[in-house]
Amino acid sequence: MKKLILIIIISLCSCSEIEKAEDLISGLSPRQEYQKDENISDELFQIWKARVDVALENSLKIDLPYVEKGFFKPRNFAIYSYDTYLLPGEVIEIKINTESLSTLIFTTIYKKDNSSGVFEKLKTGAADKKELSFEVYEQGLYKIVIQPEIEANSPFQLEIKKSPSYLFPVINGKNSDIGSYWGDMREGGIRDHKGIDIFANKGTPVLAPTSGKITFSGEKGLGGKQVWLRDSKRKLDLYFAHLDSIIPKLKKVKPGDTLGFVGNTGNAKTTPPHLHFGIYKNRRGAIDPIGFVYQTEPAENAPADLKNLADRIKITKNKAALRNKAALNNSNIVKTGTNGEVLYVQGKTDDWYHVRDSLDRSMYIHESEVTPAL
Ligand SMILES: [Zn+2]
């Protein structure tokens with residue numbers, strides 16, 4: 001049957017499309033497709049592919065945004081893996097720039113399963129595009145694995161950043177206008193805060209953060225004048241409360257449409273005007289909206305200069321800290337290196353080297369503790 005379909009597809013396709021049709025039917029993974037296209041021996045391919053298992057064992061921690069620069073060298077089998085904690089509503093974007101446009105980069109995102117502790121594959125980016133973007137629906141620990149093709153020979157710059165999937169719901173609002181977060185105590189601890197409060201002057205426009213349908217608007221209960229917006233794409237209900245007034249006859253809205261104006265109606269009568277913004281999932285319960293609207297600043301630190309980046313470096317201190325994160329704070333010392341130990345450079349972020357040791361462990365070491373190895 002498969003052969004018959006193949007013959008039919010081939011007879012319908014132009015020559016350049018035949019290969020694609022074959023791959024569609026054979027169900028090759030992107031890596032297997034690459035092996036076939038480049039005629040890579042099974043032996044070499046297996047060595048390269050097994051690197052993914054090493055990457056899944058390693059666990060470097062990063063905060064976003066993250067920038068790293070380095071060189072991809074042919075047959076050095078470098079693989080890059082980073083763990084980061086993500087919240088619902090955040091969109092993670094991974095992009096690798098190389099000098100040679102034809103270089104293939106395989107990028108995959110995994111999520112740690114809370115019960116089994118195993119990282120499960122979620123999405124793989126197109127190797128020729130060298131990028132991957134992923135919207136987070138569940139909070140948890142995510143792992144990004146980046147692997148260049150075997151013969152990759154190019155400088156690279158890796159950027160991983162995140163952005164909120166919604167527009168900020170108050171016009172010209174910013175993170176610092178959020179005065180109260182999810183879980184803050186209310187009424188002396190009787191109940192938690194099931195949303196965030198965004199403070200603004202009375203009358204400031206409240207905007208639809210995404211497209212959707214208005215399912216309720218009017219005045220009732222603790223929320224006072226309120227609007228409910230159904231985001232059917234994500235199966236979420238958005239709640240806008242304490243409005244001073246509501247735009248009449250709202251039905252369908254697009255991102256940025258005005259829903260109403262900031263006020264202090266309902267149980268906010270004695271507090272300064274603010275928008276209470278809540279998100280409810282499948283009508284079951286509230287979830288933390290912060291990841292949907294929090295704006296992440298662009299990368300602060302100028303990334304490393306590539307000109308003087310050595311392939312190998314040597315420890316110059318009697319005891320050098322090799323860490324799981326490129327920072328002195330909130331990082332663990334994975335290993336204490338000794339004077340003269342040689343490390344292989346994978347890249348550099350700010351003033352930290354991303355290295356691997358002779359046991360194939362990925363770690364960071366501060367540039368003040370090493371010197372290029374000859
Ligand atoms: Zn509130």
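**Exercise 1. Is V370 buried or exposed, and how many C-beta neighbours inside 10 Å does V370 have?**

Before solving, some ground rules. The structure is a predicted model, where local features need pLDDT of at least 70, side-chain atom pairs count only at pLDDT 80 or more, and totals for chains, interfaces and linings use all residues. Residues are numbered from 1 along each chain as its sequence is written.

*Step 1.* Get the cut-offs: a residue is buried if 20 or more other C-beta atoms lie within 10 Å of its own, exposed if 12 or fewer, and partly exposed in between, with C-beta atoms placed from the backbone.

*Step 2.* Apply them: V370 has 23 C-beta neighbours inside 10 Å, so V370 is buried.

*Step 3.* Place V370 in the fold: it sits in strand β28 (residues 370–372). Strands (E, at least two residues) and helices (H or I, at least four) are DSSP runs, numbered from the N terminus.

*Step 4.* List who touches V370, with contact meaning C-beta atoms, placed from the backbone, that lie within 7 Å. Not counting residues up to four places away in sequence, V370 touches I313, K314, I315, T316, Y353 and I365. Also, the C-alpha atoms of V370 and R312 are separated by 9.9 Å, though their positions lie 58 residues apart along the chain as a separation.

**Exercise 2. Work out what kind of chain you're dealing with.**

*Step 1.* Count elements: the chain has six helices and 28 strands.

*Step 2.* Check burial: 35% of the 374 residues count as buried.

*Step 3.* Look at contact range: of the contacts with a separation of 6 or more, 66% are between residues 24 or more positions apart.

**Exercise 3. Find the largest nonpolar core and say which elements feed it.**

*Step 1.* Set the term: a nonpolar core is a set of buried Ala, Val, Leu, Ile, Met, Phe, Trp, Tyr and Cys residues joined through C-beta atoms within 7 Å.

*Step 2.* The largest one has 30 residues, and V170, V206, F240, L259 and L275 have the most contacts inside it.

*Step 3.* Elements giving two or more residues to this core are β13 (196–199), β14 (205–207), β16 (224–231), β17 (236–246), β19 (258–262), β20 (274–281) and α6 (290–293). β17 brings the largest share, six residues.

*Step 4.* Zoom in on V170: leaving aside neighbours within four places in sequence, V170 is in contact with D177, I198, A200, T204, V206, L207, V262 and L275. Apart from this core lies another, of 29 residues, among them I62, A78, I109 and I146.

**Exercise 4. Trace the pairing around β20.**

*Step 1.* Fix the criterion: two strands pair if DSSP finds at least two bridges between them.

*Step 2.* β13 and β20 pair in the antiparallel sense over four bridges, with I198 opposite L275.

*Step 3.* β17 and β20 are also antiparallel, over six bridges; here Y239 has G278 as its bridge partner.

*Step 4.* β20 and β21 (residues 285–287) run antiparallel too, joined by three bridges, and Y280 stands opposite A286.

*Step 5.* Check cover: six of the eight residues of β20 are buried.

**Exercise 5. Describe the surroundings of I178.**

*Step 1.* I178 belongs to strand β10 (residues 178–180).

*Step 2.* I178 counts as buried because it has 21 C-beta neighbours inside 10 Å.

*Step 3.* Skipping neighbours within four places in sequence, I178 is in contact with I196, D197 and I198. I290 is 112 residues away from I178 in sequence, yet their C-alpha atoms are 9.5 Å apart.

**Exercise 6. Lay out the five-stranded sheet and find its edges.**

*Step 1.* The sheet is open, with the order β1-β3-β8-β5-β6 and mixed pairing.

*Step 2.* β1 (60–61) and β6 (119–124) are at the edges, each with a single partner strand, so one side of each has no neighbour in the sheet.

*Step 3.* Now β8 (residues 140–148): seven bridges join it to β5 (residues 105–112), antiparallel. Within that pairing, I105 partners P148 and Y110 partners K143.

*Step 4.* On to β3 (residues 80–86), which also runs antiparallel to β8 over seven bridges; S81 stands opposite V145.

*Step 5.* Finish with burial: β8 is mostly covered, with seven of its nine residues buried.

How values were computed
Contact = placed C-beta atoms within 7 Å.
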